[in-house]
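Visitor: I am new to this structure and would like a close look at a single part, the place where the ligand sits. Please take me through it step by step.

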Amino acid sequence: MKRVLITGAGGGIGCSLRETLRGVYPLLRLSDRITLAPAREGEEIDRAELSDMVAVERMVAGVDGIIHLGGISGENEWPVILEGNIIGLYNVFEAGRRAGVKRIVVATSNHAVGFYPRAEKIDHRVVPRPDSRYGVSKAFGEALASLYSDKHGIGVLCTRIGNFGTKPIDKRRLSIWISPRDYAQLVRIGLEHPDIRYEIVYGVSKNRRSWYDNSNAERLGYRPQDDSEPYAEAVLAAEAGQPADPIAEHYQGGTFCAAEYAAEMRRD
Ligand code: 15L
């Protein structure tokens with residue numbers, strides 16, 4: 001990997017990876033629709049709307065690998081999701097294929113499988129159970145990635161990210177948190193591991209309260225350094241006494257499941 005592109009480089013994960021991966025690859029091309037801090041040595045800045053194929057073709061030209069973080073990072077109206085996460089993701093893969101890109105690391109999400117109950121431990125083989133239009137777009141991303149791997153030979157690591165941050169912010173996030181250094185480790189596996197064709201892994205630290213069997217990531221060499229447990233006491237104390245929505249509490253996706261919920265019979 002000589003030239004690596006980060007889409008959505010202005011977001012929280014993008015800004016963090018910009019620092020961690022600085023100097024790891026000879027060139028980092030940083031792209032977003034928003035203005036980014038000026039390029040430093042070993043960096044290039046690109047401004048692109050993911051829904052604009054011409055701009056995306058320019059964005060991917062000459063890169064060996066892509067870390068695709070761009071798009072909409074939460075629930076939204078369908079037209080917004082469609083443009084950012086369906087059309088945008090398709091454009092990145094299709095432009096990447098035409099440009100001969102070898103590897104793509106995709107930021108998918110726990111919300112692609114958010115309707116699994118918290119009582120169930122799930123691995124990378126479960127069928128998607130999206131909890132939102134956003135979650136559906138992430139499941140679409142995993143499916144499109146599978147197609148481009150099988151048909152066009154692009155190596156893809158789908159990272160189903162839990163919640164990225166310097167520390168877990170609530171009870172649900174104690175189970176799905178990932179620290180910046182653990183995510184950087186996973187991204188590097190996605191770009192550098194010689195055997196990756198198509199893999200789904202969970203983007204989570206080694207949380208004692210995890211809802212995931214992340215053995216597929218471990219098989220690829222992932223050795224997370226962080227655990228949410230030291231934060232648990234403070235997080236739980238801060239939440240004590242707050243009313244809990246029964247649907248949000250029951251399912252892994254939390255409030256993403258509870259929003260707009262109208263089913264009369266619960267599917268466990
Ligand atoms: C996600 O997929 C979102 O991108 C992020 O903003 C959080 O909402 C996270 O999931 C979460 O579930 O905490």
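**The ligand and its surroundings**

Guide: Helix 5, residues 171–176, contributes three residues to the shell around the ligand, the most of any element. This is a predicted model. The residues around the ligand are Ser 73, Ser 109, Asn 110, His 111, Tyr 134, Gly 162, Asn 163, Arg 172, Arg 173, Ile 176 and Phe 256. Sorted by class, this shell holds three nonpolar, six polar and two charged residues.

Some of these residues place a polar side-chain atom beside an oxygen atom of the ligand. For Tyr 134 the distance is 2.7 Å, for Asn 163 it is 2.8 Å, and for Asn 110 it is 3.2 Å. On its own the ligand has 310 Å² of accessible area, and the protein covers 78% of that.

Now the space itself. The ligand sits in the largest pocket, which has a volume of about 770 Å³. That pocket is lined by 38 residues, and those nearest its centre are Leu 69, Gly 70, Gly 71, Ile 72 and Ser 73. Ser 73 also belongs to the residues around the ligand. Two or more lining residues come from each of helix 1 (12–20), strand 2 (27–32), helix 3, strand 5, helix 4, strand 7 (163–164) and helix 5. Helix 3 gives the largest share of this lining, four residues. By class, the lining of the largest pocket has 13 nonpolar, 18 polar and seven charged residues.

Helix 5 appears again in the second largest pocket, where it gives the most to the lining, with three residues. This second pocket holds about 350 Å³ of space. Its lining has 16 residues, with Asp 170, Arg 172, Glu 239, Glu 249 and Thr 255 nearest the centre. Arg 172 is also one of the residues around the ligand. Besides helix 5, the elements that give two or more residues to this lining are helix 8 (229–239), helix 9 (246–250) and helix 10 (255–258). The lining divides into five nonpolar, three polar and eight charged residues.

There is also an enclosed space. A search of the whole structure finds one cavity of 30 Å³ or more, with a volume of about 90 Å³. Among the residues lining this cavity are Leu 69 and Gly 70, two residues that also lie nearest the centre of the largest pocket. Helix 3 (78–99), strand 5 (103–109) and helix 4 (133–152) each give two or more residues to the cavity lining. By class, that lining has four nonpolar, seven polar and one charged residues.

Notes
Residues numbered from 1 in each chain as written. Predicted model: local features only at pLDDT ≥ 70, side-chain atom pairs only at ≥ 80, totals over all residues. Heavy atoms only, no water. Near = heavy atom within 4 Å. Polar contact = N/O pair within 3.5 Å; in protein donor to acceptor, adjacent residues only side chain to side chain. Areas by Shrake-Rupley, 256 points an atom, 1.4 Å probe, with all protein chains shown as cover. 1 Å grid on protein atoms, 1.4 Å probe; cavity = no way out; pocket = protein on both sides within 12 Å on 5 of 7 lines; lining within 4 Å. Sits in = over half its atoms within 2 Å of the grid points. Nonpolar A, V, L, I, M, F, W, Y, C, P; charged D, E, K, R; others polar. Points joined across faces, edges and corners; volume = space filled by probe spheres on them.
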